[in-house]
Amino acid sequence: MAVKNRGSRNNRDNRDRFSTSTRLRLLGEQTAARVYRSQTKRQAHRSRLTGRAALLALVLCTLIVALAYPIRQYVSQRAEIAELEQRREEARERVEQLRDLKARWQDDAYAEQRIRERLHYVMPGETGYTVIDPDAAKQSRTTQGAADRPWYTNVWDGVDKADASHQ
């Protein structure tokens, strides 16, 4: 009987070992062990990557801080250079204009034309005419400001006002 029991136990163990529920339980345990091992490895990798990432961030921040001032200086100097080049170009254009004007004044016909226009000169035998602005004739002495009138008009008006106050 003892042999029978033993044999039946082996049969039961063999049946249990190959039963679906037993296989599923073993498969679940093996899968759980693999997942646990992979999570442990990931956590180990994460901790290393976090340290590396922190070091990389620290290096980048240090570089940014170290380069911020020189880059700002570089940008401001480039802007200043651009402004100075623009001024130089404007000065060059002004010099060209003045050279052209000087060359025109070397011409006697141009000089004569400008003198006649500005100083109202006429050549002998010519009759000079001055056209007065019709709006300027309408303004009287009293409506003109003191700065717009000749100095002697202002003096005479002062004498008239002083004389009128004594009477």
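## Worked exercises on a helical model

Arg114 and Glu117 sit three residues apart in helix H3, so about one helical turn separates them. Keep in mind throughout that this is a predicted model.

**Exercise 1. Which residue forms a salt bridge with Arg114, and how far apart are the closest N and O atoms?**

Step 1: start from the spacing, which is about one turn of helix H3 for Arg114 and Glu117.
Step 2: check the atoms. Arg114 does pair with Glu117, and the closest N and O atoms are 3.1 Å apart. The cut-off for a salt bridge is 4 Å, so the pair counts.
Step 3: look at the surroundings. Glu117 is partly exposed, because its relative accessibility is 46%.

**Exercise 2. Which residues are joined with Glu112 into one network of salt bridges?**

Step 1: take the bridge inside H3. The side chains of Glu112 and Arg116 meet at 3.5 Å, N to O.
Step 2: place the two along the helix. They're four residues apart in H3, so that's about one helical turn again.
Step 3: follow the shared partners. Glu112, Arg116 and Glu126 end up in one network.
Step 4: add exposure. Glu112 has a relative accessible area of 38% and is partly exposed; Arg116, at 26%, is partly exposed as well.

**Exercise 3. Where do Glu96 and Arg99 lie, and how many residues apart are they?**

Step 1: find the helix. Both belong to H2, which covers residues 20-106, and they are three residues apart, about one turn.
Step 2: get the distance. The closest N and O atoms of this salt bridge are 3.4 Å apart.
Step 3: compare each value with the cut-offs. Glu96 has a relative accessible area of 39%, which makes it partly exposed. Arg99 reaches 52%, so it lands over the 50% cut-off and is exposed.
Step 4: put it in context. The count for the model comes to seven salt bridges.

**Exercise 4. How many aromatic pairs are there, and why is the pair of Trp105 and Tyr110 edge-to-face?**

Step 1: the count is two aromatic pairs.
Step 2: for Trp105 and Tyr110, the ring centres are 5.4 Å apart and the planes meet at 85°, so the pair is edge-to-face. The cut-off used here is an angle over 60 degrees.
Step 3: do likewise for Trp151 and Tyr152. With centres 5.9 Å apart and planes at 80°, this pair is edge-to-face too.
Step 4: check the exposure. Trp105 is partly exposed at 36%, while Tyr110 is buried at 17%. Trp151 and Tyr152 are both exposed.

**Exercise 5. Is Arg149 buried or exposed, and which side chains does its own side chain contact?**

Step 1: locate Arg149. Its place is the loop between H4 and helix H5 (151-166).
Step 2: with a relative accessible area of 15%, Arg149 is buried.
Step 3: list the polar contacts. The Arg149 side chain joins that of Asn154 at 2.9 Å and that of Asp157 at 3.0 Å.

**Exercise 6. What is notable about the phi of His120?**

Step 1: recall that most residues other than glycine have a negative phi.
Step 2: look at the angle. His120 has a phi near 60°, a positive value in a non-glycine residue.
Step 3: place His120. It's in the loop between H3 (108-119) and H4 (134-138), and at 57% relative accessibility it counts as exposed.

**Exercise 7. How many helices and strands does the protein chain have?**

Step 1: there are five helices and zero strands, giving the pattern α-α-α-α-α along the sequence.
Step 2: turn to burial. Of the 167 residues, 4% count as buried.
Step 3: finish with the surface. The accessible area comes to about 15,800 Å², with 57% belonging to carbon and sulfur atoms.

Key:
Residues numbered from 1 in each chain as written. Predicted model: local features only at pLDDT ≥ 70, side-chain atom pairs only at ≥ 80, totals over all residues. Heavy atoms only, no water. Buried < 20%, exposed > 50% of the residue type's maximum accessible area, 1.4 Å probe, protein only. Areas by Shrake-Rupley, 256 points an atom, 1.4 Å probe, with all protein chains shown as cover. Phe/Tyr/Trp six-rings, centres within 6.5 Å; stacked < 30°, edge-to-face > 60°. Polar contact = N/O pair within 3.5 Å; in protein donor to acceptor, adjacent residues only side chain to side chain.
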